[in-house]
Structure formats: C-alpha cells, structure tokens
Amino acid sequence: MSFTYYFWYTLSKITARFFFGFRIVHPERMVEEGPLILASNHQSYFDPPLIGICSRRGVHYLARKTLLNIPVLGRLLPHINVILVDRDGNDMSALKTVIRIVKSGNGVVLFPEGTRSPNGALQEGKAGIGLVIAKTRAPVLPMRIFGSHEAVSYTHLRAHETDSY
C-alpha cells in the first residue's frame with residue numbers, strides 16, 4: 001500500500017466511522033490475500049472508499065475517465081489504485097487491466113450496476129463483471145452498503161449511519 005493510498009484509506013476510515021457511524025458486519029469474511037473481486041451496490045460517491053476500508057490491503061477501483069478533469073481529484077486518482085474507464089462505449093482496455101490486476105493476486109472493487117443509483121435502489125447489473133469473473137475465476141465477495149445514499153447522495157452530504165455487509 002503506497003503512502004498516498006494509506007493516507008486516504010486512513011482518512012476515509014476515520015471519516016466513515018466518526019461522521020457516519022460506519023460499521024462492517026462480518027469483517028471475518030474479508031479475503032485478505034490472493035485474487036479477489038469485491039462486488040457491491042453503488043449508491044453514492046463515498047461507496048468506493050467504504051468498500052475499500054473493509055479490507056486491510058490496498059484494493060483497486062474503477063472510475064470514469066472524466067474524473068481526471070476535476071483539478072485535485074484528477075491528480076490524486078492515479079496514486080490510489082484507480083483504473084480509469086471510458087464510459088462512452090465498451091472500454092475493453094479497462095476490463096483487460098482489471099483482469100490482469102486480479103490474475104496477479106490483487107483485489108478489485110466492482111459495482112455490477114456500473115454507475116451510482118440515482119435514488120438508492122438497486123439497479124440492473126451490467127455484463128462486465130461476469131466477463132471478469134469468467135476470465136479470472138477469482139473468488140467474489142458480495143457486499144452491500146446500506147445508508148450511503150442518505151449520507152452522501154447526488155445532492156447532499158449529511159451524517160447518517162452506514163453499514164457494509
């Protein structure tokens with residue numbers, strides 16, 4: 001885990017616990033070594049770090065390439081295990097990168113829905129995660145975040161308890 005990743009990991013963990021009452025249900029189920037796909041619902045901007053802080057190891061994330069246009073975020077993302085994906089069509093290079101990273105024994109956070117839910121409800125899954133699972137044959141740890149839409153949604157940020165299963 002790089003210093004930059006560790007810094008943001010620690011800051012996310014502190015923020016989640018103290019401001020949002022975040023708790024992990026069944027932390028003993030986390031796979032801490034070897035290839036792993038962490039598959040979760042996606043309700044808010046804070047979901048990637050919420051899933052990431054469930055693991056004691058650094059994990060990789062997919063993020064849309066347009067986030068590079070945000071001044072501070074664009075400079076930060078390459079240093080915190082982010083795999084950029086072009087959402088205008090099927091970005092096979094991003095999927096190939098995910099497959100290579102998983103096959104090399106790392107964990108990757110994937111949101112089967114492909115994007116955030118606008119209303120907090122589960123959305124229909126996309127095909128990309130199935131391809132990654134088929135190509136890597138890595139274990140999949142299904143996860144679910146409760147309350148993140150209310151805590152950090154499209155329109156607001158407020159203290160609200162969040163859980164990850």
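This is a walk through a predicted model of one protein chain, from its overall plan to a few individual residues.

Let's begin with the whole chain. It holds six helices and eight strands, and from the N terminus on these elements follow the order α-β-β-α-β-α-β-α-β-α-β-β-α-β. Of the 165 residues, 44% are buried. If you consider the contacts with a separation of 6 or more, 66% of them link residues 24 or more positions apart. On the outside, the chain exposes about 9,300 Å², and carbon and sulfur atoms supply 58% of that area.

A good place to step inside is strand β2, residues 36-40. Five of its five residues are buried, so this strand is largely enclosed by the rest of the structure. Follow the side chains along it: L36, L38 and S40 point one way, while I37 and A39 point the other way. The strand has partners to look for as well. β2 runs parallel to β5 (residues 107-110), with four bridges joining the two. Four bridges also connect β2 with β6 (residues 140-143), again in the parallel sense. A39 is a handy landmark for both pairings: it stands opposite L110 in β5, and its bridge partner in β6 is P142.

At S40 we meet a polar side chain in this enclosed strand. S40 lies in β2 and, with a relative accessibility of 3%, it counts as buried because the cut-off is under 20%. Its side chain makes a polar contact with the side chain of N41, at 3.1 Å. Leaving aside neighbours within four places in sequence, S40 is in contact with I51, L110, F111, P112, E113, M143, R144 and I145. Two of these names, L110 and M143, will return when we turn to the nonpolar cores.

In soluble globular proteins, nonpolar side chains tend to be buried together. Here, the largest nonpolar core has 26 residues, and the members that touch the most others are M30, L38, L50, I51, V109 and M143. The elements giving two or more residues to this core are α1 (3-20), β2, α2 (47-52), β3 (59-64) and β6. The largest share, four residues, comes from α1. To see some of this packing at a single residue, take V109: apart from its neighbours within four places in sequence, V109 is in contact with L38, I51, V59, H60, Y61 and L62. There is also a second, separate core of 15 residues, whose members include V98, V102, L110 and V132.

V132 takes us to helix α5, where I129, V132 and T136 are buried. Viewed down the helix axis, the buried residues of α5 fall within an arc of 60°, so they line one face of the helix. They pack against β2, α4 (92-103) and β5, which brings us back to the strand where we started looking inside.

Where does the side chain of T136 reach? T136 belongs to α5, which spans residues 128-136, and its side chain reaches the backbone oxygen of V132 at 2.8 Å. T136 is buried, with a relative accessible area of 14%. Not counting residues up to four places away in sequence, T136 touches I37, I99, V102 and K103. Of these, I37 is one of the buried residues of β2, and V102 is a member of the second core.

Just after α5 the backbone does something worth pausing over. R137 takes a positive phi of about 55°. Most residues other than glycine have a negative phi, and most peptide bonds are trans. R137 sits in the loop between α5 and β6. Is R137 buried or exposed? With a relative accessible area of 75%, R137 is exposed, whereas T136 is buried.

Another positive phi in a residue other than glycine appears at N81, where the value is near 65°. N81 is found in the loop between α3 (71-76) and β4 (82-85). With a relative accessible area of 22%, N81 is partly exposed.

To close the walk, come back to β2 once more. This strand pairs with β5 and β6, gives residues to the largest nonpolar core, and is packed against by the buried residues of α5.

How values were computed. Residues numbered from 1 in each chain as written. Predicted model: local features only at pLDDT ≥ 70, side-chain atom pairs only at ≥ 80, totals over all residues. Heavy atoms only, no water. Buried < 20%, exposed > 50% of the residue type's maximum accessible area, 1.4 Å probe, protein only. Polar contact = N/O pair within 3.5 Å; in protein donor to acceptor, adjacent residues only side chain to side chain. Contact = heavy atoms within 4.5 Å. Pairing = 2+ DSSP bridges. Areas by Shrake-Rupley, 256 points an atom, 1.4 Å probe, with all protein chains shown as cover. Core = buried A, V, L, I, M, F, W, Y, C linked by side-chain atoms within 4.5 Å. Arc of directions from axis to C-beta.
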